[in-house]
Every structure is written in structure tokens, then in C-alpha cells.
Amino acid sequence: MKMLKEKIQKEGIVLSDTVLKVDTFLNHQIDPQLMQEIGKEFAARFKDAGITKIVTIESSGIAPALMTGLILDVPVIFARKRKSLTLSDNLLTATVYSFTKQESNDISVSKDMLHEEDVVLLIDDFLANGQALKGLNDLVKQSGAQVAGAGIVIEKGFQTGGKEIRANGLRVESLAIVESLVNGGVVFAEESVN
Ligand code: G4P
Ligand code: NA
Ligand code: NA
């Protein structure tokens, strides 16, 4: 997605050979116009998939997920990372291991939000090692719903999550695939692969 790649080139900060900071439009400040275009792009790619719900994880997945839900005209559910006071039992949960933080955390969604007849599109801001996306996929499958695929804003193609998840048969659509962050520059993959 051209507009997104240009934004990354212009405002992204390469923190290391593996980490890209995008706090001016995705992870802290949010660019609503860009999010709307991202929503349109995900909606176009999944328009024939029969999506009935979108599932993401708080917090940075919510903006792109919401815009996609607006266009597909379906509800948007965000998995919670912390236990909620009002959301206690009746939960679907999955454990997500973070390589960066070297810790495991449970994510959860109320069983009331997902049903067998649902067809779900997963959305997230980043795909790196894929632990979050695998957790989301597990969690949705516990409900009996079908997962039609995943929409990712920025995939780090040099990490293994995307390859593994595609090899497991899930359709993954990434709007920008970063092939390398070495020497302080962002290099994109030629074309987004499915
Ligand atoms: P891992 O699979 O590589 O181990 O990822 P990890 O769980 O450690 O990721 C921790 C957080 O960092 C996640 O957000 C993830 O989306 C994000 N992340 C991973 N790589 C990058 C990167 O290169 N750049 C940026 N900006 N973020 C990255 P989170 O903690 O769930 O936070 P949020 O959703 O509230 O923003
Ligand atoms: Na994030
Ligand atoms: Na995220």
C-alpha cells in the first residue's frame, strides 16, 4: 500500500536492526486519514470472504480494525490483555508469549461476542514472531467460529511469524512488508505475498 509505505519512509524511525518505531501515526499518535485508507484496503481485500466480525488486540490494533469494521459494516472486538472487572467468567482465553519481554500473558474475549456461525477477520498493527496472531487465531477457534484470514498493517518479513502462519494455511494480507531495517534504512519487500 503506497500511502502507508511513504508514511513509513517519511516518519518511521529505525530503532535497531529489528525494531521500527511508528509512534507518529500508529502506536501513539494516530493518523485518522491513513487509518481510513488502511480500513478501505483491508475491506477490499476481504470483501468476498463473508466476514461477520473483526477481532483485534488492544491497543494498537483497534484503530485499523475499527476502520475496517466501519467499511465492512461488521462489529469490531478487541481482545483484552488485562483482566477486566466486568469481564470475569465466560471467557475465551489464549496465552501469548512475548519474545521481547520474555513473558507470557493471557488475552481474552467474552464468549458472548463470538459464535459458531461467525466468519472472522483478524487485524493487528504488527506481525513479527507471530505469537499475538497465533493467540488470536486460537482464541477465535475456541468459539467454533471460522477465521477467514488476517490483515496486518506492517509485517516484519525478516522475522518468522508470517511464514509460519501462512504455512499453517491462514490467509495473511500485509499492507507493508519490511524486508530489512539494517543500516538505519527501511527496505520493503517487492510485493505483499499472501
Ligand atoms: P514478538 O512476537 O516479536 O515477540 O513481539 P512482542 O510480543 O514482543 O511485541 C511486543 C509489542 O511490540 C507488540 O505490541 C507488537 O505489536 C509490537 N512490535 C513488535 N515489533 C515491533 C516493531 O518493530 N515496531 C513496533 N512499533 N512495534 C513492534 P503491544 O505490546 O501489543 O502493544 P500495543 O498493541 O499496545 O501497541
Ligand atoms: Na503494537
Ligand atoms: Na498489536
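Here a visitor asks a guide about the ligand and metal sites of this predicted model.

Guide: Welcome! Residues are numbered from 1 along each chain, and ligands are numbered from 1 in the order in which they are written. In this predicted model, local features need pLDDT of at least 70 and side-chain atom pairs count only at 80 or more, while side-chain values use heavy atoms, without hydrogens and water.

Visitor: What makes the link between Ser59 and ligand 1 a polar contact?

Guide: A polar side-chain atom of Ser59 lies 2.6 Å from an oxygen atom of ligand 1. A polar contact is a pair of N or O atoms within 3.5 Å, so this pair qualifies. Lys81 also places a polar side-chain atom 2.6 Å from a ligand oxygen, and Phe99 brings a backbone N or O atom to 2.8 Å from one.

Visitor: Which residues around ligand 1 are the closest?

Guide: They are Leu20, Ser59, Ser60, Lys81 and Thr100, out of 17 surrounding residues (a heavy atom within 4 Å counts as near).

Visitor: Why are Asp124 and Asp125 called donors to the sodium ion (ligand 3)?

Guide: Their OD atoms coordinate this ion at 2.3 to 2.6 Å. Donors are N, O and S atoms within 2.8 Å of the metal, or 3.2 Å for Na, K and Ca, so both residues pass. Water is not among the atoms, so the site may look incomplete. Asp125 also bridges ligand 3 and another sodium ion, ligand 2, which lie 3.5 Å apart.

Visitor: Are Asp124 and Asp125 buried or exposed?

Guide: Both are buried, meaning under 20% relative accessible area (1.4 Å probe, protein chains only), whereas exposed is over 50%.

Notes:
Polar contact = N/O pair within 3.5 Å; in protein donor to acceptor, adjacent residues only side chain to side chain.
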